[in-house]
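Subject: A structure for you to look at

Hi there,

Here is the structure I promised to pass on to you. Have a look at it first, and then read on for what turned up in it.

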Amino acid sequence: MMTLLQQFFSMGGYGFYVWSAYACVLTFLFLQWGLTVRRWQRFYKQNEPLNE
Amino acid sequence: MWSLINSFLSPKKFFFLTRQLQPWLQALFIFTFSYGIIGGLILAPADNIQGDGFRIIYIHVPCAFLSLFIYGVMALAALGFLVFRLKLAPLIIRESITLGAGFTFLALLTGSLWGKPMWGTWWIWDARLTSELILFFLYLGIYLFQSALADKQKNERVLAILILIGFIDIPIIHYSVYWWNTLHQGSSLNIFAPSTIDKSMLYPLLAMIVAFLLYYAIILFSRIHYELIARRVNFHWLKEQK
């Protein structure tokens, strides 16, 4: 199990490049989604009567 | 016929239609993204030459595709604004710029991370890479231009013209691998011909492209909703059911 996981994360020696790429993309996707959600949360907080 | 299309492009109809679509888009995104990630990282076999390093394709190609697609959407919106004075068009442009710039940057970044182990270099002034870099500068220029001009109406018209002029870069990026002798490989995906990659690798890639397209739609619609509700003070739309 540990060997399989090690092989998975090492990606045949290309682990640094593969995981860096995935990390950057996933961070961007999460950030863009998070910023959009936060905008709406602030809007609803400032306009609480709308929630009633 | 045109009045029918135009009525759907009215901000209010757009708001209610896309608000109903959002949950479905989100569900579809989760499904396609999950399949793409699992298929790309685990199920697809390692490449014969590149080994597991090729798995960057599952994020690099969708990012590159989105960078071109989003600019295409902006150009279409620009044309719609100039010719038909579509009210939604400036909103679509404004909310797409940062996403397009982001995906272009990611296409370049993931491309570098792929290029270093495979080509031995982080960057090369190859036709595909250079034209993609120009696209990134175009996005930045449009964003800065939009922020700089004070007169809103004049701003939107000039911005639309600028976007249409910059559209020339899109076919250059796409055909660069055919017109010039480039280090960047040719297209793996073809609409009118069989793909050059195996199905076990192809299907997760297609799923990721679809997932990224859905992601763009979800974020764009959410931002346009915010613009219509919060900035344009259409609070009552939130309470209306249509």
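Right after helix H4(B) comes Gly120(B), and its phi is positive, near 85°. Before going further, please keep in mind that this is a predicted model.

H4(B) itself deserves a slow look. The helix has a kink of about 35°, and the centre of that kink is Ser96(B). Is H4(B) out in the open or enclosed? Of its 31 residues, 23 are buried, so the rest of the structure largely encloses this helix.

Now zoom out to the whole of chain B. You will find nine helices there and zero strands, so to speak a chain that reads α-α-α-α-α-α-α-α-α along its sequence. The chain has 242 residues, and buried ones make up 50% of them. If you take the contacts in chain B between residues at least 6 apart in sequence, 75% of them join residues at least 24 apart.

Next, turn to where the two chains meet. Chain B brings 37 residues to this contact and chain A brings 27. About 2,900 Å² is buried between chain B and chain A, with carbon and sulfur atoms giving 77% of that area. Which elements of chain B supply two or more residues to the side that touches chain A? They are helices H2 (11–43), H3 (57–84), H4 (89–119), H8 (199–231) and H9 (236–239) of chain B. H4(B) gives the most to this side, with twelve residues. Sorted by type, the residues on the side of chain B that touches chain A come to 24 nonpolar, seven polar and six charged.

How many salt bridges does the rule find across the interface of chain B and chain A? The number is zero. Polar contacts do turn up, though: six residue pairs between chain B and chain A make one, with both residues at pLDDT 80 or more.

Finally, one residue to click on. Ser131(B) sits in helix H5 of chain B, which spans residues 127–148. Is Ser131(B) buried or exposed? Its relative accessibility is 5%, and buried means under 20%, so Ser131(B) counts as buried. The side chain of Ser131(B) reaches the backbone oxygen of Arg128(B) at 3.1 Å. Leaving aside residues up to four places away in sequence, Ser131(B) touches Asp169(B), Ile172(B), Ile173(B) and Ser176(B).

Enjoy exploring, and write back with any questions.

Best wishes

How values were computed. Residues are numbered from 1 along each chain as its sequence is written. Chains are lettered from A and ligands numbered from 1 in the order in which they are written. This is a predicted model: local features need pLDDT of at least 70, side-chain atom pairs count only at pLDDT 80 or more; totals for chains, interfaces and linings use all residues. Side-chain values use heavy atoms; hydrogens and water are left out. Contact means heavy atoms within 4.5 Å. Buried area is the accessible area (1.4 Å probe) that two parts lose on being put together, summed over both. A salt bridge is a side-chain nitrogen of Lys or Arg within 4 Å of a carboxyl oxygen of Asp or Glu. A polar contact is a pair of N or O atoms within 3.5 Å; within protein, one must be able to donate a hydrogen and the other to accept it, and residues adjacent in sequence count only if both atoms are side-chain atoms. Helices (H or I, at least four residues) and strands (E, at least two) are DSSP runs, numbered from the N terminus. Ala, Val, Leu, Ile, Met, Phe, Trp, Tyr, Cys and Pro count as nonpolar, Asp, Glu, Lys and Arg as charged, and the others, Gly among them, as polar. The bend at a residue is the angle between axes fitted to the seven residues ending there and the seven starting there. Buried means under 20% relative accessible area, exposed over 50%, partly exposed in between (1.4 Å probe, protein chains only).
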